[in-house]
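Me: I have a protein open on my screen and would like to talk through a few of its features. Could you take my questions one by one?

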Amino acid sequence: MQISILLMEQIFELFLMILMGFIIVKVGIVKEEDSKVLSKIVLYLIIPCVIINAFQVDYTKKTVNGLLIALAASVLLQVVLLLVVFVMGKLFSLNEVETASIYYSNSGNLIVPIVTFVLGQKWILYGCVFMSVQLIFLWTHCKKIISRESSYDWKKIILNINMISIAIGAILFFTRIRLPELITNTISSVGNMIGPASMIVTGMLFAGMDLKAIFANKRVYFISALRMLVIPLIALFLIKISHLAILSADAQKIMLIVFLAVITPSASTVTQMCQVYGNDAHYASAINVVTTLCAIVTMPFMVLLFSCI
(Lines give C-alpha, C1' and ligand atoms only; values in the text may rest on other atoms or scores of the structure.)
Protein backbone atom coordinates (compact mmCIF):
# COMPACT_ATOMS: atom_id res chain seq x y z
CA MET A 1 0.00 0.00 0.00
CA GLN A 2 2.84 2.41 0.84
CA ILE A 3 4.42 1.89 -2.58
CA SER A 4 1.06 2.60 -4.22
CA ILE A 5 0.74 5.91 -2.35
CA LEU A 6 4.30 6.91 -3.24
CA LEU A 7 3.51 6.12 -6.89
CA MET A 8 0.41 8.33 -6.84
CA GLU A 9 2.47 11.21 -5.47
CA GLN A 10 5.24 10.78 -8.05
CA ILE A 11 2.83 10.53 -11.00
CA PHE A 12 0.94 13.58 -9.79
CA GLU A 13 4.23 15.51 -9.71
CA LEU A 14 4.85 14.53 -13.34
CA PHE A 15 1.35 15.67 -14.28
CA LEU A 16 2.11 19.07 -12.72
CA MET A 17 5.18 19.25 -15.00
CA ILE A 18 2.87 18.68 -18.00
CA LEU A 19 0.75 21.55 -16.69
CA MET A 20 3.84 23.79 -16.57
CA GLY A 21 4.57 23.09 -20.24
CA PHE A 22 0.95 23.84 -21.05
CA ILE A 23 1.05 27.18 -19.19
CA ILE A 24 4.27 28.55 -20.73
CA VAL A 25 2.74 28.13 -24.19
CA LYS A 26 -0.66 29.55 -23.23
CA VAL A 27 0.84 32.71 -21.70
CA GLY A 28 3.07 33.23 -24.75
CA ILE A 29 6.50 32.61 -23.20
CA VAL A 30 7.27 30.01 -25.87
CA LYS A 31 5.47 28.63 -28.91
CA GLU A 32 4.16 25.10 -29.34
CA GLU A 33 6.60 24.40 -32.18
CA ASP A 34 9.52 25.18 -29.85
CA SER A 35 8.88 21.80 -28.25
CA LYS A 36 10.53 20.11 -31.24
CA VAL A 37 13.94 21.42 -30.16
CA LEU A 38 13.39 20.17 -26.62
CA SER A 39 12.30 16.79 -28.01
CA LYS A 40 15.61 16.43 -29.84
CA ILE A 41 17.52 17.34 -26.69
CA VAL A 42 15.67 14.60 -24.77
CA LEU A 43 16.17 11.97 -27.47
CA TYR A 44 19.79 12.66 -28.34
CA LEU A 45 21.33 14.05 -25.13
CA ILE A 46 19.37 13.40 -21.94
CA ILE A 47 18.42 9.73 -22.53
CA PRO A 48 22.02 8.74 -23.45
CA CYS A 49 23.23 10.34 -20.21
CA VAL A 50 20.67 8.34 -18.21
CA ILE A 51 21.81 5.09 -19.81
CA ILE A 52 25.55 5.60 -19.31
CA ASN A 53 25.11 6.81 -15.74
CA ALA A 54 22.97 3.79 -14.81
CA PHE A 55 25.80 1.41 -15.69
CA GLN A 56 28.26 3.24 -13.44
CA VAL A 57 27.86 0.79 -10.55
CA ASP A 58 30.16 -1.75 -8.91
CA TYR A 59 30.60 -5.05 -10.75
CA THR A 60 29.58 -7.89 -8.43
CA LYS A 61 28.24 -11.41 -8.93
CA LYS A 62 24.98 -10.36 -7.27
CA THR A 63 24.60 -7.40 -9.62
CA VAL A 64 25.33 -9.50 -12.72
CA ASN A 65 22.76 -12.11 -11.65
CA GLY A 66 20.23 -9.35 -11.13
CA LEU A 67 20.99 -7.91 -14.55
CA LEU A 68 20.48 -11.32 -16.18
CA ILE A 69 17.12 -11.74 -14.45
CA ALA A 70 16.06 -8.23 -15.49
CA LEU A 71 17.24 -8.89 -19.05
CA ALA A 72 15.33 -12.19 -19.28
CA ALA A 73 12.14 -10.56 -17.99
CA SER A 74 12.52 -7.52 -20.25
CA VAL A 75 13.10 -9.55 -23.42
CA LEU A 76 10.24 -11.92 -22.57
CA LEU A 77 7.78 -9.09 -22.03
CA GLN A 78 8.89 -7.02 -25.01
CA VAL A 79 8.70 -9.91 -27.47
CA VAL A 80 5.38 -11.36 -26.26
CA LEU A 81 3.73 -7.94 -25.90
CA LEU A 82 4.85 -7.02 -29.42
CA LEU A 83 2.93 -10.07 -30.69
CA VAL A 84 -0.06 -9.11 -28.53
CA VAL A 85 -0.12 -5.55 -29.89
CA PHE A 86 0.25 -6.89 -33.44
CA VAL A 87 -2.92 -8.96 -32.91
CA MET A 88 -4.65 -5.92 -31.37
CA GLY A 89 -3.70 -3.92 -34.45
CA LYS A 90 -5.46 -6.40 -36.68
CA LEU A 91 -8.54 -6.66 -34.45
CA PHE A 92 -9.01 -2.94 -33.77
CA SER A 93 -7.51 -1.41 -36.96
CA LEU A 94 -4.85 0.51 -35.04
CA ASN A 95 -2.85 3.17 -36.89
CA GLU A 96 0.90 3.74 -36.40
CA VAL A 97 0.53 6.20 -33.52
CA GLU A 98 -1.97 3.99 -31.69
CA THR A 99 0.18 0.88 -32.13
CA ALA A 100 3.29 2.63 -30.81
CA SER A 101 1.40 4.30 -27.95
CA ILE A 102 -0.05 0.99 -26.74
CA TYR A 103 3.17 -0.98 -27.03
CA TYR A 104 5.79 1.51 -25.81
CA SER A 105 5.71 2.53 -22.18
CA ASN A 106 7.14 5.73 -20.76
CA SER A 107 9.86 3.78 -18.95
CA GLY A 108 12.63 6.00 -20.29
CA ASN A 109 11.14 9.06 -18.61
CA LEU A 110 9.41 7.61 -15.57
CA ILE A 111 11.26 4.54 -14.37
CA VAL A 112 14.31 6.49 -13.11
CA PRO A 113 12.40 8.97 -10.90
CA ILE A 114 9.85 6.35 -9.79
CA VAL A 115 12.40 3.66 -8.86
CA THR A 116 14.61 6.25 -7.13
CA PHE A 117 11.64 7.58 -5.19
CA VAL A 118 10.10 4.20 -4.30
CA LEU A 119 13.06 1.79 -3.94
CA GLY A 120 16.25 3.86 -3.98
CA GLN A 121 19.09 4.91 -6.29
CA LYS A 122 20.87 1.52 -6.36
CA TRP A 123 17.91 -0.17 -8.06
CA ILE A 124 17.87 2.13 -11.11
CA LEU A 125 20.29 -0.13 -12.99
CA TYR A 126 17.68 -2.88 -13.33
CA GLY A 127 15.14 -0.42 -14.69
CA CYS A 128 17.70 0.69 -17.24
CA VAL A 129 17.98 -2.90 -18.47
CA PHE A 130 14.34 -2.70 -19.54
CA MET A 131 14.97 0.78 -20.97
CA SER A 132 17.91 -0.53 -23.00
CA VAL A 133 15.89 -3.42 -24.41
CA GLN A 134 13.01 -1.07 -25.23
CA LEU A 135 15.37 1.41 -26.88
CA ILE A 136 16.43 -1.29 -29.34
CA PHE A 137 12.77 -1.77 -30.27
CA LEU A 138 12.16 2.00 -30.31
CA TRP A 139 14.92 2.68 -32.81
CA THR A 140 13.98 -0.27 -35.01
CA HIS A 141 10.27 -1.12 -34.88
CA CYS A 142 8.91 2.21 -33.58
CA LYS A 143 11.05 4.41 -35.80
CA LYS A 144 10.07 2.32 -38.83
CA ILE A 145 6.31 2.59 -38.27
CA ILE A 146 6.30 6.24 -37.14
CA SER A 147 8.49 7.43 -40.02
CA ARG A 148 6.62 5.08 -42.42
CA GLU A 149 9.93 3.84 -43.79
CA SER A 150 9.72 0.80 -46.03
CA SER A 151 12.78 -0.91 -44.55
CA TYR A 152 15.27 -0.72 -41.68
CA ASP A 153 18.37 1.40 -42.10
CA TRP A 154 20.66 -0.73 -39.94
CA LYS A 155 23.56 1.68 -40.24
CA LYS A 156 21.49 4.50 -38.73
CA ILE A 157 20.14 2.17 -36.06
CA ILE A 158 23.57 0.92 -34.96
CA LEU A 159 25.08 4.41 -35.07
CA ASN A 160 22.15 6.00 -33.20
CA ILE A 161 23.43 7.81 -30.11
CA ASN A 162 21.10 5.85 -27.83
CA MET A 163 22.32 2.49 -29.14
CA ILE A 164 25.92 3.67 -28.81
CA SER A 165 25.18 4.73 -25.23
CA ILE A 166 23.91 1.23 -24.38
CA ALA A 167 27.12 -0.26 -25.77
CA ILE A 168 29.32 2.24 -23.91
CA GLY A 169 27.47 1.69 -20.64
CA ALA A 170 27.71 -2.11 -20.91
CA ILE A 171 31.43 -1.99 -21.80
CA LEU A 172 32.19 0.31 -18.87
CA PHE A 173 30.29 -1.97 -16.49
CA PHE A 174 31.77 -5.29 -17.58
CA THR A 175 35.31 -3.88 -17.79
CA ARG A 176 34.78 -2.30 -14.36
CA ILE A 177 35.82 1.13 -15.61
CA ARG A 178 34.51 4.04 -13.55
CA LEU A 179 34.42 7.46 -15.16
CA PRO A 180 36.01 10.41 -13.34
CA GLU A 181 33.73 11.94 -10.73
CA LEU A 182 33.50 15.23 -12.62
CA ILE A 183 32.16 13.46 -15.73
CA THR A 184 29.85 11.19 -13.72
CA ASN A 185 28.34 14.13 -11.86
CA THR A 186 27.80 16.01 -15.12
CA ILE A 187 26.14 13.05 -16.84
CA SER A 188 24.00 12.40 -13.78
CA SER A 189 22.84 16.02 -13.62
CA VAL A 190 21.85 16.04 -17.30
CA GLY A 191 20.11 12.66 -16.95
CA ASN A 192 18.07 13.94 -14.00
CA MET A 193 16.29 16.29 -16.42
CA ILE A 194 14.59 13.42 -18.25
CA GLY A 195 11.31 13.48 -16.35
CA PRO A 196 10.72 17.26 -16.31
CA ALA A 197 11.91 17.83 -19.89
CA SER A 198 9.74 15.07 -21.35
CA MET A 199 6.65 16.13 -19.43
CA ILE A 200 7.13 19.79 -20.41
CA VAL A 201 7.31 18.76 -24.09
CA THR A 202 4.00 16.92 -23.70
CA GLY A 203 2.43 19.94 -22.02
CA MET A 204 3.65 22.30 -24.74
CA LEU A 205 2.13 20.09 -27.43
CA PHE A 206 -1.07 19.76 -25.43
CA ALA A 207 -1.39 23.56 -25.31
CA GLY A 208 -1.66 23.73 -29.10
CA MET A 209 -4.48 21.21 -29.28
CA ASP A 210 -8.26 21.50 -29.27
CA LEU A 211 -8.93 20.23 -25.74
CA LYS A 212 -12.64 19.78 -26.36
CA ALA A 213 -11.93 17.60 -29.40
CA ILE A 214 -9.38 15.54 -27.46
CA PHE A 215 -11.57 14.71 -24.48
CA ALA A 216 -14.58 14.14 -26.71
CA ASN A 217 -12.63 11.59 -28.76
CA LYS A 218 -13.75 8.19 -27.44
CA ARG A 219 -10.93 6.52 -29.38
CA VAL A 220 -8.34 8.10 -27.05
CA TYR A 221 -10.00 6.47 -24.04
CA PHE A 222 -10.13 3.11 -25.77
CA ILE A 223 -6.42 3.25 -26.63
CA SER A 224 -5.64 4.41 -23.09
CA ALA A 225 -7.56 1.45 -21.64
CA LEU A 226 -5.52 -0.97 -23.76
CA ARG A 227 -2.28 0.72 -22.66
CA MET A 228 -3.06 1.10 -18.95
CA LEU A 229 -5.21 -1.95 -18.18
CA VAL A 230 -4.93 -4.71 -20.79
CA ILE A 231 -1.17 -4.58 -21.37
CA PRO A 232 -0.32 -4.47 -17.61
CA LEU A 233 -2.60 -7.44 -16.87
CA ILE A 234 -0.98 -9.49 -19.63
CA ALA A 235 2.47 -8.48 -18.34
CA LEU A 236 1.52 -9.50 -14.80
CA PHE A 237 0.38 -12.90 -16.07
CA LEU A 238 3.65 -13.39 -17.98
CA ILE A 239 5.74 -12.50 -14.93
CA LYS A 240 3.71 -14.88 -12.79
CA ILE A 241 4.08 -17.90 -15.08
CA SER A 242 7.78 -17.20 -15.78
CA HIS A 243 8.75 -17.86 -12.12
CA LEU A 244 11.62 -15.36 -12.52
CA ALA A 245 10.65 -13.72 -9.22
CA ILE A 246 11.93 -16.71 -7.22
CA LEU A 247 15.40 -16.98 -8.76
CA SER A 248 17.18 -14.88 -6.14
CA ALA A 249 16.64 -12.85 -2.98
CA ASP A 250 16.40 -9.64 -5.03
CA ALA A 251 14.38 -11.15 -7.89
CA GLN A 252 11.01 -10.02 -6.51
CA LYS A 253 12.11 -6.37 -6.43
CA ILE A 254 13.70 -6.68 -9.86
CA MET A 255 10.43 -8.07 -11.25
CA LEU A 256 8.58 -5.17 -9.62
CA ILE A 257 10.92 -2.72 -11.36
CA VAL A 258 10.38 -4.41 -14.75
CA PHE A 259 6.63 -4.46 -14.12
CA LEU A 260 6.69 -0.75 -13.20
CA ALA A 261 8.48 -0.05 -16.48
CA VAL A 262 5.73 -1.85 -18.42
CA ILE A 263 2.72 -0.25 -16.70
CA THR A 264 3.77 3.39 -17.14
CA PRO A 265 1.76 5.64 -19.52
CA SER A 266 2.39 5.67 -23.26
CA ALA A 267 5.91 6.72 -24.19
CA SER A 268 6.49 10.43 -24.66
CA THR A 269 9.29 9.30 -26.98
CA VAL A 270 6.53 8.33 -29.43
CA THR A 271 5.34 11.95 -29.38
CA GLN A 272 8.89 13.18 -29.89
CA MET A 273 9.45 10.77 -32.79
CA CYS A 274 6.17 11.90 -34.36
CA GLN A 275 7.50 15.46 -34.23
CA VAL A 276 10.87 14.55 -35.70
CA TYR A 277 9.49 12.27 -38.46
CA GLY A 278 6.32 14.19 -39.35
CA ASN A 279 3.60 11.91 -37.96
CA ASP A 280 0.58 12.91 -35.83
CA ALA A 281 2.33 14.35 -32.76
CA HIS A 282 -0.88 15.93 -31.46
CA TYR A 283 -2.69 12.60 -31.31
CA ALA A 284 0.32 10.93 -29.69
CA SER A 285 0.45 13.75 -27.13
CA ALA A 286 -3.27 13.38 -26.38
CA ILE A 287 -2.83 9.66 -25.67
CA ASN A 288 0.22 10.43 -23.53
CA VAL A 289 -1.67 12.98 -21.42
CA VAL A 290 -4.78 10.81 -20.95
CA THR A 291 -2.69 7.74 -20.02
CA THR A 292 -0.69 9.87 -17.58
CA LEU A 293 -3.93 10.95 -15.92
CA CYS A 294 -5.09 7.33 -15.81
CA ALA A 295 -1.75 6.26 -14.31
CA ILE A 296 -2.53 8.09 -11.06
CA VAL A 297 -5.09 5.33 -10.41
CA THR A 298 -4.03 2.38 -12.58
CA MET A 299 -0.34 2.15 -11.60
CA PRO A 300 -0.95 1.95 -7.83
CA PHE A 301 -3.75 -0.56 -8.49
CA MET A 302 -1.48 -2.74 -10.64
CA VAL A 303 1.26 -2.64 -8.00
CA LEU A 304 -1.29 -3.83 -5.42
CA LEU A 305 -2.18 -6.71 -7.75
CA PHE A 306 1.51 -7.52 -8.16
CA SER A 307 1.95 -7.61 -4.38
CA CYS A 308 -1.05 -9.90 -3.94
CA ILE A 309 -0.11 -12.31 -6.72
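Me: Where does asparagine 192 lie?
Reply: Happy to help, and bear in mind that this is a predicted model. Asparagine 192 is part of a loop, with helix 10 (194-207) on one side. On the other side is helix 9, so the place you want is the loop between helix 9 and helix 10.

Me: Is asparagine 192 buried or exposed?
Reply: The relative accessible area of asparagine 192 is 53%. Exposed means over 50%, so asparagine 192 counts as exposed.

Me: How many Å apart in space are asparagine 192 and valine 112, C-alpha to C-alpha?
Reply: In sequence, asparagine 192 and valine 112 are 80 residues apart. In space, their C-alpha atoms are separated by 8.4 Å.

Me: Moving into helix 9, is threonine 184 buried or exposed?
Reply: Threonine 184 sits in helix 9, which covers residues 181-191. Its relative accessibility is 19%. The cut-off for buried is under 20%, so threonine 184 counts as buried.

Me: Which residue has its backbone oxygen 3.4 Å from a polar atom of the side chain of threonine 184?
Reply: Let's start with the contacts of threonine 184, setting aside neighbours within four places in sequence: these are Asn53, Gln56 and Leu179. One of them supplies the backbone oxygen at 3.4 Å from a polar atom of the threonine 184 side chain, and that is leucine 179.

Me: Why is helix 14 described as largely enclosed by the rest of the structure?
Reply: Helix 14 spans residues 268-277. Its buried residues are Ser268, Thr269, Val270, Thr271, Gln272, Met273, Cys274 and Gln275. Helix 14 is largely enclosed because the buried share of its residues is 8 of the 10.

Me: Which residue with a positive phi follows helix 14?
Reply: Just after helix 14 comes a residue whose phi is near 75°. That residue is glycine 278.

Me: Stepping back, how many helices and strands are in the protein?
Reply: The protein has helices but no strands. The counts are 15 helices and 0 strands.

Me: What is the radius of gyration of the protein?
Reply: For 309 residues, the globule rule gives 19 Å. The protein comes close to that, so it is as compact as a globular protein of that length, with a radius of gyration of 18 Å.

Me: What percentage of the contacts with a separation of 6 or more is between residues 24 or more positions apart?
Reply: Buried residues make up 55% of the protein. As for those contacts, the share from residues 24 or more positions apart is 86%.

Note on methods:
Residues are numbered from 1 along each chain as its sequence is written. This is a predicted model: local features need pLDDT of at least 70, side-chain atom pairs count only at pLDDT 80 or more; totals for chains, interfaces and linings use all residues. Side-chain values use heavy atoms; hydrogens and water are left out. Helices (H or I, at least four residues) and strands (E, at least two) are DSSP runs, numbered from the N terminus. The radius of gyration is taken over C-alpha atoms; the globule rule is 2.2 Å times the number of residues to the power 0.38. Buried means under 20% relative accessible area, exposed over 50%, partly exposed in between (1.4 Å probe, protein chains only). Contact means heavy atoms within 4.5 Å. A polar contact is a pair of N or O atoms within 3.5 Å; within protein, one must be able to donate a hydrogen and the other to accept it, and residues adjacent in sequence count only if both atoms are side-chain atoms.
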